[in-house]
Amino acid sequence: MGGVTRVGVSFPPELLKEFDEIISAMKYPSRSKAIHDAVREFIRNHRWMIRQKGEAAGAILATYDHEVHGITDELTDIEHSFIDIISASLHIHLDPKHCLEIIAVRGDWERIKSLAQSLQRLRGVLNVQVVSSY
């Protein structure tokens, strides 16, 4: 094994509090081990962005805070600019503040990737996941 490299990371207090509560409930041996696992999960979930090519079909799941000013209009505008690859979308109210948008996509992988990245960049979007059937 090649050892470890130390890095410094800043967290908003509420995010770190929630992270610590979860790792405690899951009985992680340390915060470092939980962060290692979180980074591995991030890599696994985002590796698709640099590897896949050609045609694909799947879904994009975007969780967002609908109380952020203008976010629903921005989401609609983005979806309209990707109408060539969007087959359908489903809007789900998760709680009084949060929504989940599930977007079924089919077409060129670069366009799908571009859609996911456009959603990810929006202020108020909390999480974007791409599930590909290829």
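Q: What does R31 count as at 39% relative accessibility?
A: The general idea is to compare the relative accessible area with two cut-offs: buried means under 20%, exposed over 50%, and partly exposed in between, with a 1.4 Å probe and protein chains only. At 39%, R31 counts as partly exposed. Over the protein chain, which has 134 residues, buried residues make up 30%.

Q: What kind of model is this?
A: This is a predicted model, in which local features need pLDDT of at least 70 and side-chain atom pairs count only at pLDDT 80 or more, while totals for chains, interfaces and linings use all residues. Residues are numbered from 1 along each chain as its sequence is written, and side-chain values use heavy atoms, with hydrogens and water left out.

Q: What pLDDT does the protein chain average?
A: pLDDT is the predictor's confidence in each residue, from 0 to 100. Here the protein chain averages 90, and 93% of the residues score at least 70. Among the elements, the lowest mean pLDDT, 67, belongs to helix α3 (residues 48-51), and the highest, 97, to β2.

Q: How many helices and strands does the secondary structure come to?
A: Helices (H or I, at least four residues) and strands (E, at least two) are DSSP runs, numbered from the N terminus. The protein chain has five helices and four strands. Read from the N terminus on, the order is α-α-α-β-α-β-β-α-β. As for overall extent, the C-alpha atoms fill a box of roughly 45 × 40 × 25 Å along the principal axes.

Q: What should helix α1 span?
A: The expected span of a helix is 1.5 Å times one less than its number of residues. Helix α1 (residues 13-25) has 13 residues and should span 18 Å; the C-alpha atoms at its ends are 18 Å apart, so the two values agree. After α1 comes K27, whose phi is positive, near 60 degrees.

Q: Which strand do eleven bridges join to strand β3?
A: Two strands pair if DSSP finds at least two bridges between them. Strand β1 (residues 55-65) is joined to strand β3 (residues 98-108) by eleven bridges, and the two run antiparallel. One bridge partner to look up is D108 in β3, which pairs with E55. Strand β2 (residues 86-93) is also antiparallel to β3, with seven bridges. Here L90 stands opposite I102 in β3. A hairpin of four residues joins β2 to β3.

Q: In which strand is A57 found?
A: A57 is in strand β1. With 17% relative accessibility, A57 counts as buried. Its C-alpha atom is 14 Å from that of Q129, although the two are 72 residues apart along the chain.

Q: Which residues form a nonpolar patch on the surface?
A: Patches are made of residues with over 30% relative accessible area and no salt bridge; like charges are joined within 9 Å, and nonpolar side chains (Val, Leu, Ile, Met, Phe, Trp, Tyr) within 5 Å. Accessible areas come from the Shrake-Rupley method with a 1.4 Å probe, and for residues only the protein chains shown count as cover. The patch here consists of V7, V9, F11 and L15, which together have about 380 Å² of accessible area. Of these, L15 belongs to helix α1 and counts as partly exposed, at 43% relative accessibility.

Q: How many salt bridges does the structure hold?
A: Side chains of opposite charge can pair when their charged atoms come close. A salt bridge is a side-chain nitrogen of Lys or Arg within 4 Å of a carboxyl oxygen of Asp or Glu. The structure holds seven. One of them is D20 with R31, where the closest N and O atoms are 2.6 Å apart. This pair links distant parts of the chain, eleven residues apart: D20 lies in helix α1 and R31 in helix α2 (residues 31-46). D20 is partly exposed, at 24%.

Q: Which residue forms a salt bridge with D84?
A: The partner of D84 is R111, and their closest N and O atoms are 2.7 Å apart. D84 lies in the loop between α4 (71-81) and β2, and R111 in helix α5 (residues 109-120), so the pair ties together parts 27 residues apart in sequence. R111 is partly exposed, with a relative accessible area of 27%.

Q: Where do E110 and K113 lie?
A: E110 and K113 form a salt bridge, with closest N and O atoms 3.6 Å apart. Both residues lie in helix α5, three residues apart, about one turn of the helix. E110 is partly exposed at 37%, whereas K113 is buried at 15%. Elsewhere, K33, D37 and R40 are joined into one network by salt bridges that share partners.
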